[in-house]
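Have the sequence and the 3D view open side by side, and let's walk through this one together. We will go from contacts between side chains to helix packing, and then to the backbone.

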Amino acid sequence: FIFLERINRKIDIYHMNEGHSLPLAFVMYDRLKKVEEVKKHLVFTTHTPESAGNEEHDIHLLHRMGFFYNLDVDTVKNITKMHDNSFSLTLGALRLSKIANGVSKIHEIVANLMWNDKGDICKITGITNDQNRRYWADYRLLQSLDEHADYDLLARNKHLKKMLFKVVADQTGKVLDPDILTIVWARRFADYKRPGLIKHDFERFLKLVEREDKPIQVIWAGKPYPGDSKAINIFNELVNLDKSIKRIAVLVRYELSLSALLKKGADIWLNTPRITREASGTSGMTACMNGAVHFSIADGWHPEFAKHGVNSFTIPPCDPALSIEVQDKLDNQNMMDILENTIIPLYYDKPKEWIEIIKNSMRDIMPAFDSGRMAHEYYIKLYDSYILP
């Protein structure tokens, strides 16, 4: 803001993309002197219902660090209507913005339930996240889809799978079979995303990965946060299982290149967050662009896309009011029932139906979940209506 001000660039709308950008609002208030004037120029995106993404800090600590620019603590408390010493970054942004958005239709509902009872917040709408097809999608796969060349699409799919398996072999020493149904769980490695849900009933899981007739292979990748002890424990447990089970692999150094390989080499992209806690999630979008079939809890972006058994598979939602233990048990049972009774038979016994699901997935993901749609929707919903005359 200060830089743009000094080079005489007049900006109509500033977009705060999560709470760490909130100091912008205090600089603007220092210039404009009225909350209503600040709101005319400010919009906000909230990205998660998780407490770690909606930070609260001691207001005096933030003041000493310069978070509030030139404003004193009493002024900050007055304009944000937070009068104790615990300061919520998200709530401050919602009270100083003209309009805000969550990052999926479900997250719009969840965010309003989270914040509406606090009072004096702006409207929260929904704009679902997207991914850049030009960056993530394999050109030859898309070409085969456009040309209705099923044989070429399957051949390219198999080639990409083998490229992923070379990395698996380099990292783990395991040689996976490209003819076996391969499930990938890869994303930010957080406890609420339940990376280990597929093995919750361990005996049932073990039978599927160890049997010779129509088995599965499972690959995990991701980085647990240093402070997330539960996620670290799950990651370590998976690494230990990797040593003794032939058809599973845990990959490290989860950066962009490995992420792309996983999305291009997966048959199934598995997504297992606890219901209502996945604001959007985007990894499955790019997996679908590359012929992987999304298999997910009905949360985040998935319900806006999914046609069960047509372009994806959906794990039926359970009641989020249930205990975590009961949720995990029910979700695992429903997931494994679909995997055993629907997905595995389709993959091995009905290849023509399976490739139709792949093609439906690739067609349906674009353009509805390409970044062009998202950029347009931000302009229409957040920017255009609020530009000053």
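**A guided walk through the fold**

K199 counts as buried, because its relative accessibility is 11% and the cut-off for buried is under 20%. Keep in mind as you look that this is a predicted model. The partner of K199 is E237: their side chains meet in a salt bridge, with 2.9 Å from N to O. This pair links distant parts of the chain, since E237 sits in helix 12 and K199 in the loop between strand 7 and helix 11, 38 residues apart. Is E237 buried, partly exposed or exposed? At 39% relative accessibility, E237 counts as partly exposed, whereas K199 is buried.

Stay with helix 12 for another contact. The side chains of K174 and D242 meet in a salt bridge at 2.6 Å, N to O. K174 lies in the loop between helix 10 and strand 7 (181-186), while D242 belongs to helix 12 (residues 229-242), so the pair ties together parts that are 68 residues apart in sequence. Both ends of this bridge are covered: K174 is buried with a relative accessible area of 13%, and D242 is buried at 10% relative accessibility.

Now move along the chain to K307 and D364, whose side chains meet in a salt bridge of 3.4 Å, N to O. Here, too, distant parts of the chain are linked, with K307 in the loop between helix 15 (302-305) and strand 12 (312-315) and D364 in helix 17, 57 residues apart. Neither end is buried in this case. K307 is partly exposed, with a relative accessible area of 43%, and D364 is partly exposed as well, at 26%.

How many salt bridges are there in the model, counting a side-chain nitrogen of Lys or Arg within 4 Å of a carboxyl oxygen of Asp or Glu? The count comes to 28 salt bridges. Some of the charged residues are joined in a wider arrangement: D191, R194, R274, D328 and D331 are linked in a network of salt bridges.

Let's turn from charges to helices. Helix 11 (residues 202-210) packs with helix 16 at an angle of about 25 degrees, and their axes are 11 Å apart. That makes helix 11 roughly parallel to helix 16, because angles under 35 degrees count as roughly parallel. The crossing of these two helices, helix 11 and helix 16, is left-handed.

Helix 16 (residues 324-349) also contains V326. Together with L322 and L330, V326 forms a nonpolar patch on the surface, and the three have about 190 Å² of accessible area together. V326 itself is partly exposed, with a relative accessible area of 36%.

Helix 13 (residues 256-265) offers a view of a helix that is mostly covered, as seven of its ten residues are buried. Which residues of helix 13 are buried? They are L258, S259, A260, L262, K263, K264 and G265, so you will find both nonpolar and lysine side chains when you click along this list.

For a contrast, find I109 in helix 7 (residues 105-115). I109 counts as exposed, at 54% relative accessibility. Its C-alpha atom and that of T276 are separated by 9.4 Å, although I109 and T276 are 167 residues apart along the chain.

Finally, look at the backbone. Most residues other than glycine have a negative phi, and most peptide bonds are trans. Against that background, three places are worth a visit. The peptide bond from M366 to P367 is cis, with omega near 5 degrees, and P367 is placed in the loop between helix 17 (351-365) and helix 18 (371-383).

The other two places concern phi. K81 has a positive phi, near 60 degrees, and is a residue other than glycine. You will find K81 in the loop between helix 5 (73-80) and strand 4 (86-88), and at 44% relative accessibility K81 counts as partly exposed. H148, also not a glycine, has a positive phi of about 55 degrees. The place of H148 is in the loop between helix 9 (139-146) and helix 10 (150-172), and H148 counts as exposed, at 58% relative accessibility.

Key
Residues are numbered from 1 along each chain as its sequence is written. This is a predicted model: local features need pLDDT of at least 70, side-chain atom pairs count only at pLDDT 80 or more; totals for chains, interfaces and linings use all residues. Side-chain values use heavy atoms; hydrogens and water are left out. Patches are made of residues with over 30% relative accessible area and no salt bridge: like charges are joined within 9 Å, nonpolar side chains (Val, Leu, Ile, Met, Phe, Trp, Tyr) within 5 Å. Accessible areas come from the Shrake-Rupley method with a 1.4 Å probe; for residues, only the protein chains shown count as cover. Helices (H or I, at least four residues) and strands (E, at least two) are DSSP runs, numbered from the N terminus. Buried means under 20% relative accessible area, exposed over 50%, partly exposed in between (1.4 Å probe, protein chains only). Axes are lines fitted to C-alpha atoms, for helices over the stretch in contact, and angles run from 0 to 180 degrees between N-to-C directions. Angles under 35 degrees count as roughly parallel, over 145 as roughly antiparallel, 65 to 115 as roughly perpendicular and the rest as oblique. A crossing is left-handed if the near helix is turned anticlockwise from the far one by less than a right angle, and right-handed if clockwise.
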